[in-house]
Amino acid sequence: MNIPFLGNWRKKHGHALGVAVISAGEDEGDDNGQERHERIAGLLSECELLRAQAQQAGVELDDSAASLEALDQLVPRWRDDEETATWLGNDAGLYLGTVVVRTVPGARWEIWPNGQPVVRLSSGREIHVVEAGHEWADNGAPELSQLYAEIAEG
């Protein structure tokens, strides 16, 4: 959808990060929150728009580092549509986070009090994957596979 005043507003203010996760609190009786983290990881891994775009382009998103490389090779047709680019940026960030959480030992989703999901590494470093996804969707750089490589190194 092309809404001229919205496009002008975004140029001045940037994208609104449209991902928030609201939690009722820690679950009692689970394994130190492990079940809760698994539920959050499942929810954040859906990335429906990104998965649909990738499937249309013949790219399988199997939650691997190789799939991030394949995403980096997609022709960015979505950049012509501000709304699609915004949603795709959210999904790309969540997908990057999903790959990190599933493949980097000790990485897990963390939800800030404002609902913003970030990936926390075992070192304590927090990765703002949704912001990175927006950069990728808008500019193609940094590449998702490059970010993953930097994150996986430590």
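Start with one pair of residues: Glu 110 has Val 118 in β2 as its bridge partner. Keep in mind as you look around that this is a predicted model. That pairing belongs to the ladder between β1 and β2, where 4 bridges hold the strands together and the two run antiparallel. One more pair to find on the same ladder is Ile 111, which sits opposite Pro 117 in β2.

Now follow the chain around the corner. β1 and β2 make a hairpin with 5 residues between them, and Gly 115 in that turn has a positive phi of about 95°. Carry on through β2, residues 117–120, and you meet a second hairpin. Here β2 and β3 also have 5 residues between them, with Gly 124 in the turn at a positive phi of about 100°. The β2 to β3 ladder has 2 bridges and is again antiparallel. To find your place in it, look for Val 119, which stands opposite Ile 127 in β3.

Put the two ladders together and you have an open sheet of 3 strands, in the order β1-β2-β3, with antiparallel pairing. β1 (108–111) and β3 (126–127) are the edge strands; each has a single partner, so one side of each has no neighbour in the sheet.

Back to Glu 110, because at 18% relative accessibility it falls under the 20% cut-off and counts as buried. Its side chain meets that of Arg 108 in a salt bridge, 3.2 Å from N to O. Arg 108, at 33% relative accessibility, is partly exposed. Over on the other hairpin, the side chains of Arg 120 and Glu 126 form a salt bridge too, at 2.3 Å from N to O. Both of those residues are partly exposed: Arg 120 has a relative accessibility of 28%, and Glu 126 has 24%. Through salt bridges with shared partners, Arg 108, Glu 110, Arg 120 and Glu 126 are joined into one network.

What lies across the sheet? Two helices to pick out are α2 and α5. Helix α2 (residues 34–44) lies across β1 and β2 and runs at about 90° to β1. Helix α5 (residues 82–103) also lies across β1 and β2, but runs at about 130° to β1.

Let's stay with α5 for a while. At 1.5 Å a residue, its 22 residues should span 32 Å, and the end C-alpha atoms are 31 Å apart, so expectation and model agree. At the N-terminal end, Asp 81 acts as a cap: one of its side-chain oxygens lies 3.1 Å from the backbone nitrogen of Glu 83. The helix is mostly covered, with 17 of its 22 residues buried.

For a good look at that covered side of things, zoom in on Leu 88, which lies in α5. Its relative accessible area is 0%, so Leu 88 is buried. What does Leu 88 touch, once residues up to four places away in sequence are set aside? The answer is Leu 49, Leu 50, Gln 53, Trp 78 and Ala 137. There is also a long-range pairing to check here: the C-alpha atoms of Leu 88 and His 134 are 7.7 Å apart, although 46 residues separate them along the chain.

The last stop is Asp 63, found in the loop between α3 and α4. Its relative accessible area is 15%, so Asp 63 counts as buried. Leaving aside neighbours within four places in sequence, Asp 63 is in contact with Arg 51, Tyr 95, Thr 98, Val 99, Arg 102 and Thr 103. Look at Arg 51 in particular: Asp 63 forms a salt bridge with it, the closest N and O atoms being 3.2 Å apart. Arg 51 is in helix α3 (48–56), while Asp 63 is in the loop leading to α4 (65–72), so the pair ties together parts 12 residues apart in sequence. Unlike its buried partner, Arg 51 is partly exposed, at 25% relative accessibility. Across the whole structure there are 5 salt bridges, and the Asp 63 and Arg 51 pair is one of them.

Note on methods: Residues numbered from 1 in each chain as written. Predicted model: local features only at pLDDT ≥ 70, side-chain atom pairs only at ≥ 80, totals over all residues. Heavy atoms only, no water. Pairing = 2+ DSSP bridges. Contact = heavy atoms within 4.5 Å. Axes fitted to C-alpha atoms, helices over the stretch in contact; angles between N-to-C directions. Buried < 20%, exposed > 50% of the residue type's maximum accessible area, 1.4 Å probe, protein only. Expected span 1.5 Å × (residues − 1). Polar contact = N/O pair within 3.5 Å; in protein donor to acceptor, adjacent residues only side chain to side chain. Salt bridge = Lys/Arg side-chain N within 4 Å of Asp/Glu carboxyl O.
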